[in-house]
Structures are given as structure tokens and as C-alpha cells.
Amino acid sequence: MAGVRGQLATHTALSVLAAMTCGAPAVCGQMAAGDSGARPVILTFSYTGELVQNAGGGARRGTTFAGAAGVQFTLLLGQLVGWRGARIFVFALGTHGGAPSDLVGDVQGVSNLEAPPPAAVRLEEAWLQQNLLDNRLSWLVGRYDLNTEFYRLQSGALFINSSFGIGPEVAHSGVAGPSIFPNTAVGTRVDFKPSPNVVWRGALLVGEVALLARPDTAGAPRQRRFGIGRGRARPYGGKLALGAWYYTARFSDLVDTLPNGASLQHRGSGGVYLIGDVTVRSLTAFAQLGLGDGRVNQIGGYLGGGFTLTAPFSSRSQDALGLAVAAARNGSHYERAQTAVGGPAAEETSVELTYLAQLGSWLTVQPDVQYVIHPGGTRATRNAVVPGLRVAVSH
């Protein structure tokens, strides 16, 4: 999961749905339309738990544990009832535990497992997807996690900091944020694949165009090269994606006011992002660049990037090592507001070193350490050292 501390298009703005997008086929372990040989009913279980400590600096020292248990249920309607190209997906998620960012005081989110208290079971996703035109057109409607397809890089999934899943300029936008973990909402998404390595994808007033390099499809049948939609989680060798997002609601300026003292209101709020990664043998490099609306949100810009190395040791072919940096820049209006009250605003930067050990087909263990500079985007909070240990099981 990615993007724990905020969500996109607010529920107010979500009344305006359907825009165009382009991106990589996405996630969550289903298979796409026309999946011959796939089981018609797919049921999976998973649990991820994480122990996180703020060893020094930050808001206060301490240790906390957080966890998430998930059940995913997929129905391939083509095989069950002859409804060609259709599938239903349901994802129930139970979250519990503490909030590491309360200890660190950071804004980006040192753990992408963090969810608001109290412990709860929620319906994370529940949607119907229909694929058409020889699998080149895909339409999805229902409760939907935007980050499963938008602003997504396969290399960023290794890391635990939320910003490597979705940039904080998007995650902290709007009133309640976009429709991502842990607060998804109902929406619709349209995918169109005009060529084998380009996908147009649309949802909520979010758009993304992605160019993908997939050596595994050279000479492959046309239907496989053009396949899109949730469930086509095939790896790629390289990706470059440009996206934009927009809210239709009104938002209060962080600092500017009207003559009567009321906050200046802005109609609409938006931003753009550019993301990409490339793999050469076992080494992958990735980069993220995002510009948000600094008039109404704390985060006005974001720059992230890093490296992952698969099979760092010859005897550990399924393990992965990663090093990445995420820098969230305060917007100009937020900095003006902080200056007015004597707050020493500064860019928050997180450096993460992580190692994922695959101990079995059902078990991974991931030690991790992060160093957070200027937590919360202020010089008033000392830099924090945040070690952690994550364990995940699935079946």
C-alpha cells in the first residue's frame, strides 16, 4: 500500500468524475479480461505488521506497532456466467496500531501502513471492471484506490515511506485528500491503450500518460500487447509518466484574506507530476517530481528518487535492497503563514535505506531505517532517526 497520510479528490470534489489518464497496468493481483486458464474465483489473505521506533529527535521518542490484515476476492465473470471481459473485485482491510508520524512529527509519513485510529475494518475497494475492444478499452466503476494505477512506480513499492508510493503534494491535497488508502471513495476510471506501450487512463479529474518499455512483449500476440485494466500486473523495463490532477471544490487560502478578515477562497485546486523508472539488469533507478497548489496546501512541491537492487547477494535471488530520498517543499503561502507567527519553516527531507528478505513464498521480513530532516517542514523539530521492522505474510 502506498500513500498513508492523505487522500485525493475530496468527497465533495468526487461528485465530478471521469477524466482521461495514461499509465502502467496496475496492481492487486487480479488477472485481466480473457484470462484463459485462470481460476474463476480468486481469494487471497494477507497480513502486514510493522514495529517502528523514533530513536532520537522528532516530536518525541517512542516505539509503536501498526498492522493491516486484508482479504481480496475476485470473480472472473467471463468464466462464471459468460460475461466476457468483466470482473468483480472486493478488498476488505482491517487496520490497527499506533501512528509512527505522531512520534516523528513528519508530514510525509514514515510508514505507509499508518491509518487513523481507532482500529477498524473498512471496505477498501469494491468495483466492477469491463474490458472491451479486444482488451484495449477498460472501464471501472465502484470504490477504487486511485494509487493502484495513478502516480505509481513498481520500484517505489519496495519502500516504506509514503511519499515513494504517491507524492505528498497529492496525498495532502484537498480537504480529505484523494481516494487512496486509508480513505477510498466511489469513482470511475477509463483506460484506453492506443498502442502496445501507451495507456490512457482516467478517473476523478486525474490524468496520466505513460510510456512503457516491456521487452517481454516483443513478438507477443496482439491481444497480450494491448491488454490493459486492473489485473495486468506485469513488470516493465522502463516507464515515463506525466500526470495532472484537479479538484472542482472551493478552498481557503492559507494566508491571504478578504477586507472583512475572511479567508480568500479559490475555486478549484490542481497540480502536475512527472515520474519514471528504468531497470538495467538487476538495478532500477527512479525519480518523482510533483507540483501542487501552494495557495491552499502545505506541500507546494516534491522531489523524490532512488535506487533498488534485486538479488544483492547470489544466494538471495528474491531479495531487494533500496536507497531513496524524498524532499517535500512547503508552499509559499504556508511559509508566509508560518513566518507571520514566527515559525521557522523548512523543507522536510527523508532518506530511507531498506532491505526486503523473501524467506518463503508466503513470508517477507523487511528491516528499514529512515533519517528525517526538519520533520513537519520546520526547523523547530530536531532531525529524527527512525528504524523499523516490517513482516508480511500472504496466502
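A residue is called buried here when its relative accessible area is under 20%, exposed when that area is over 50%, and partly exposed in between. With that meaning in hand, begin with the whole chain of this predicted model, in which buried residues make up 54% of the 395 residues.

**The whole chain**

Show the chain as a cartoon, and you can follow 5 helices and 16 strands along it. If you switch to a surface view, the accessible surface comes to about 16,300 Å², of which 63% belongs to carbon and sulfur atoms. Among the contacts between residues at least 6 apart in sequence, 70% join residues at least 24 apart, and several of the stops below show residues that are brought together in this way across the sequence.

**Strands β4, β5 and β6**

Select residues 120-132, which are strand β4, together with residues 137-144, which are strand β5; the two run antiparallel and are joined by 7 bridges. They form a hairpin with 4 residues between them, and in the turn you will find Leu 133, which has a positive phi of about 55°. To see how the two strands are matched, display Asn 131 in β4 and look across to Ser 138 in β5, which stands opposite Asn 131.

Now add residues 185-195, which are strand β6, and note that this strand runs antiparallel to β5 and is joined to it by 8 bridges. Which residue in β6 is the bridge partner of Leu 140? Display the side chains on both strands, and you will find that the partner is Arg 189.

**A buried serine before β6**

Stay close to this part of the sequence and select Ser 173, which lies in the loop between α3 (168-171) and β6. Ser 173 counts as buried, because its relative accessibility is 1% and the limit for buried is under 20%. Then show Tyr 247 as well, since a polar contact of 2.6 Å joins the side chains of Ser 173 and Tyr 247.

**Aromatic pairs**

Next, colour the aromatic side chains, among which the structure holds 9 aromatic pairs. Choose Phe 89 and Trp 127, whose rings form a tilted pair, with 5.1 Å from centre to centre and 40° between the planes. Phe 89 lies in strand β3 (residues 86-97) and Trp 127 lies in strand β4, so this pair ties together parts that are 38 residues apart in sequence. Phe 89 and Trp 127 are both buried, and if you add Phe 91 to the selection you have one aromatic cluster made of Phe 89, Phe 91 and Trp 127.

For another tilted pair, select Phe 313 and Tyr 355, with 6.3 Å from centre to centre and 45° between the planes. Here Phe 313 lies in the loop between β12 (299-310) and β13, while Tyr 355 lies in strand β14 (residues 348-360), so the pair ties together parts that are 42 residues apart in sequence. Compare how these two residues are covered: Phe 313 is partly exposed, with a relative accessible area of 48%, whereas Tyr 355 counts as buried at 18% relative accessibility.

**An exposed arginine in a loop**

Move on to Arg 281, which is in the loop between β10 (263-280) and β11 (283-291). Is Arg 281 buried or exposed? With a relative accessible area of 83%, Arg 281 is exposed. If you draw a distance from its C-alpha to the C-alpha of Leu 309, you will read 9.2 Å, although the two residues are 28 apart in sequence.

**Gly 331 and helix α5**

Select Gly 331, found in the loop between β13 and α5, and note that at 3% relative accessibility Gly 331 counts as buried. Leaving aside residues up to four places away in sequence, Gly 331 touches Gly 294, Gln 298, Ile 299 and Gly 300. Its C-alpha is also 9.7 Å from the C-alpha of Glu 347, a residue 16 places away in sequence.

Finally, select helix α5 (residues 332-340) and display His 333, Tyr 334 and Ala 337, which are buried. These residues cover an arc of only 100° around the axis, which puts them on the same side of α5. To find what this side packs against, show β9 (238-257) and β13 (320-330), which are the partners of the buried residues of α5. The tour ends just after α5, at Gly 342, which takes a positive phi of about 80°.

Definitions and conventions:
Residues are numbered from 1 along each chain as its sequence is written. Side-chain values use heavy atoms; hydrogens and water are left out. Buried means under 20% relative accessible area, exposed over 50%, partly exposed in between (1.4 Å probe, protein chains only). The arc is that of the directions from the helix axis to the C-beta atoms. Contact means heavy atoms within 4.5 Å. Two strands pair if DSSP finds at least two bridges between them. A polar contact is a pair of N or O atoms within 3.5 Å; within protein, one must be able to donate a hydrogen and the other to accept it, and residues adjacent in sequence count only if both atoms are side-chain atoms. Rings of Phe, Tyr and Trp (its six-membered ring) pair if their centres lie within 6.5 Å; planes under 30 degrees apart count as stacked, over 60 as edge-to-face and the rest as tilted. Accessible areas come from the Shrake-Rupley method with a 1.4 Å probe; for residues, only the protein chains shown count as cover.
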